[in-house]
Amino acid sequence: MKKLISELQQAAAERETRRHFLHTCSTGLGAMALSSLLGGCGFFGKDDPQTNVVGAALQSSEPTAPHPSQFLPKAKRVIYIHMAGSPSQLELFDYKPELAKYNGKDCPQALLEGKKFAFIRGVPKMLGPQGKFAQYGQSGAWVSDYLPHLQGVVDDISFLKAMHTDQFNHAPAQLLMHTGSARLGRPSIGSWVTYGLGTENDNLPGYIVLASGGKQPDAGKSVWGSGFLPTVYQGVQCRTDGDPVLYASDPAGMDRNVRKQTIEAISQINQQQYDDVKDPEILTRISQYELAFRMQMSVPDAMNIKSEPQYILDSYGVDPNKGSFARNCLLARRLVERGVRFVQLFDWGWDSHGTSADGAIEIGLRTKCKESDQAVAALLTDLKQRGLLDDTLVVWGGEFGRTPMQENRDGQVLPFMGRDHHLEAFTVWMAGGGVKRGFSYGETDDIGYYGVKDKVHVHDLQATILHLLGFDHTKLTYQFQGRPFRLTDVAGKLVKPILA
């Protein structure tokens, strides 16, 4: 009770601010000033038919309430699987038999002149593909022996084989991939989606993040942050061991009814403050308190994979008592099944430089594929069997590609096979949710160095994801610091050929 009284007193003091004075002064200047301030963090432009829908949701006590997209969507939800560190496309999907002929030879100067690499110095050796490739499915997709389980579901997949990016270091490349900018401060794609669509389950966050591999992404939690959007739209990271969300459980000695009364009292205080100053972050605070209370019941149920039949656990290769990437794939299916709008999986450990066995193309990459291949294939099959794949978009990829030459450092050959970061060409694939099945788009040259046909930039991928969810990427905007911002910044075009 003392804490409630203290918070009430603090809230009353905070209301006596310069903004509050301007709001209440009788000259009329207060209203003008407040209007200007709110314009700096406002909503869609008034001429946009989407304006009133999203704006009303943001100004209500339920800013994540579901609302329609700009046009009829093909996908209702997204599972985005990011292999942090970036797997080598040349060992997995981009079959280059010509590259094998140059294995061990000096890299031609034409591939080095004017180029910047993260680590390569001097003249490296070319490195042929280490996987054994064959064609699979009716589509005849090329997949290596690194991914034996994925070979069986290629007819559900659309490959983008000439992806390219602007960044060759992990953190900025991850930021660009997930926020549309290599700099900190922009909202993540999951935040844009929940901002635009809300959530279908008010007992769970609309945007949930699951991480594996022992470390966070190089760009940190900014890759699922809300940037300048209200923080109610940021990703909620759930743990796969112990309590899914820390501090959501009732404190010792406090039963659920007392907790409910506490939350209601806090919400009343916050609502009074919002009525006075109209700060949208106060709505976020109200929503988060109330959501945390509801999550006490809903999250443990959603995260309890022990209720799954044994054959499902076996299909994913899951040990129900251990956290793992495979467990996260199964959790992703359970979450989208319950109406979570955007589920993001990050798996760390895909950086194959050749400086150690764990980071070796011939050892570490095979290990990471073995840990993930079965679960990813099972996820696609599971979604398809449940009728969820048609309106669930699954995206898989890293932040950039790997070079066709073997990495060296200061001219020294490394002890294991490795490839440096490469921004010119890499592979991302998508499945379900309105994309063609058994389709391959884009081509690279004979050694996988450059995209030579149907290139797709990171912003193009983002524009296409938003389109599948029912948004024109140029119109899903947020007014900030005097101008409308969007996920794709001032670039991006829809990749129409992959649409079903």
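How many bridges join strand β18 to strand β19, and do the two strands run parallel or antiparallel? In this predicted model, the two strands run antiparallel and are joined by four bridges. Strand β18 covers residues 477-480, and strand β19 covers residues 483-486. Together they form a hairpin with two residues between the strands. One residue of the turn, Gln481, has a positive phi of about 50°. Across the pair, Phe480 stands opposite Arg483 of β19.

**Overall composition**

The protein has 500 residues, of which 53% count as buried. Its secondary structure comprises 14 helices and 19 strands. When contacts between residues at least 6 apart in sequence are considered, 76% of them join residues at least 24 apart.

**Nonpolar cores**

The largest nonpolar core contains 54 residues. Those with the most contacts inside this core are Ile79, Ile81, Phe93, Tyr316, Val394 and Trp429. Helix α13 provides the largest share of the core, namely nine residues. A second core, separate from this one, has 46 residues, including Ala75, Leu175, Trp192 and Leu393.

The surroundings of Ile79 can be described in detail. With neighbours within four places in sequence left aside, Ile79 is in contact with Ala332, Val336, Val343, Leu379, Leu383, Thr392, Leu393, Val394 and Val395. One of these partners, Val394, is itself among the residues with the most contacts inside the largest core, whereas another, Leu393, belongs to the second core.

**Two covered helices**

Helices α8 and α14 are both mostly covered, as the table shows.

| Helix | Residues | Buried residues | Glycine after the helix and its phi |
|---|---|---|---|
| α8 | 189-197 | nine of nine | Gly198, positive, near 70° |
| α14 | 458-468 | 10 of 11 | Gly470, positive, about 95° |

The buried residues of α8 are Ile189, Gly190, Ser191, Trp192, Val193, Thr194, Tyr195, Gly196 and Leu197. Of these, Trp192 is included in the second core. In α14 the buried residues include Val458, His459, Asp460, Leu461 and Gln462. Ala463, Thr464, Ile465, Leu466 and Leu468 of α14 are buried as well.

**The second largest pocket**

The second largest pocket has a volume of about 390 Å³. It is lined by 24 residues, and those closest to its centre are Asp347, Trp348, Thr367, Lys368 and Glu371. By type, the lining divides into seven nonpolar, nine polar and eight charged residues.

Three elements, α12 (325-337), β7 (342-348) and α13 (364-385), each supply at least two residues of this lining. The largest share, eight residues, comes from α13. Helix α13 also provides the largest share of the largest nonpolar core.

**Phe119 and its surroundings**

Is Phe119 buried, partly exposed or exposed? Its relative accessible area is 31%, so Phe119 counts as partly exposed, since that category lies between the 20% and 50% limits. The residue is located in the loop between α6 (97-101) and β2 (133-136).

Phe119 is also linked to distant parts of the sequence. Its C-alpha atom is separated by 6.6 Å from that of Asp420, although the two residues are 301 residues apart along the chain. Beyond its neighbours within four places in sequence, Phe119 is in contact with His353, Glu407, Asn408, Arg409, Asp420 and His421.

Methods
Residues numbered from 1 in each chain as written. Predicted model: local features only at pLDDT ≥ 70, side-chain atom pairs only at ≥ 80, totals over all residues. Heavy atoms only, no water. 1 Å grid on protein atoms, 1.4 Å probe; cavity = no way out; pocket = protein on both sides within 12 Å on 5 of 7 lines; lining within 4 Å. Points joined across faces, edges and corners; volume = space filled by probe spheres on them. Nonpolar A, V, L, I, M, F, W, Y, C, P; charged D, E, K, R; others polar. Pairing = 2+ DSSP bridges. Core = buried A, V, L, I, M, F, W, Y, C linked by side-chain atoms within 4.5 Å. Buried < 20%, exposed > 50% of the residue type's maximum accessible area, 1.4 Å probe, protein only. Contact = heavy atoms within 4.5 Å.
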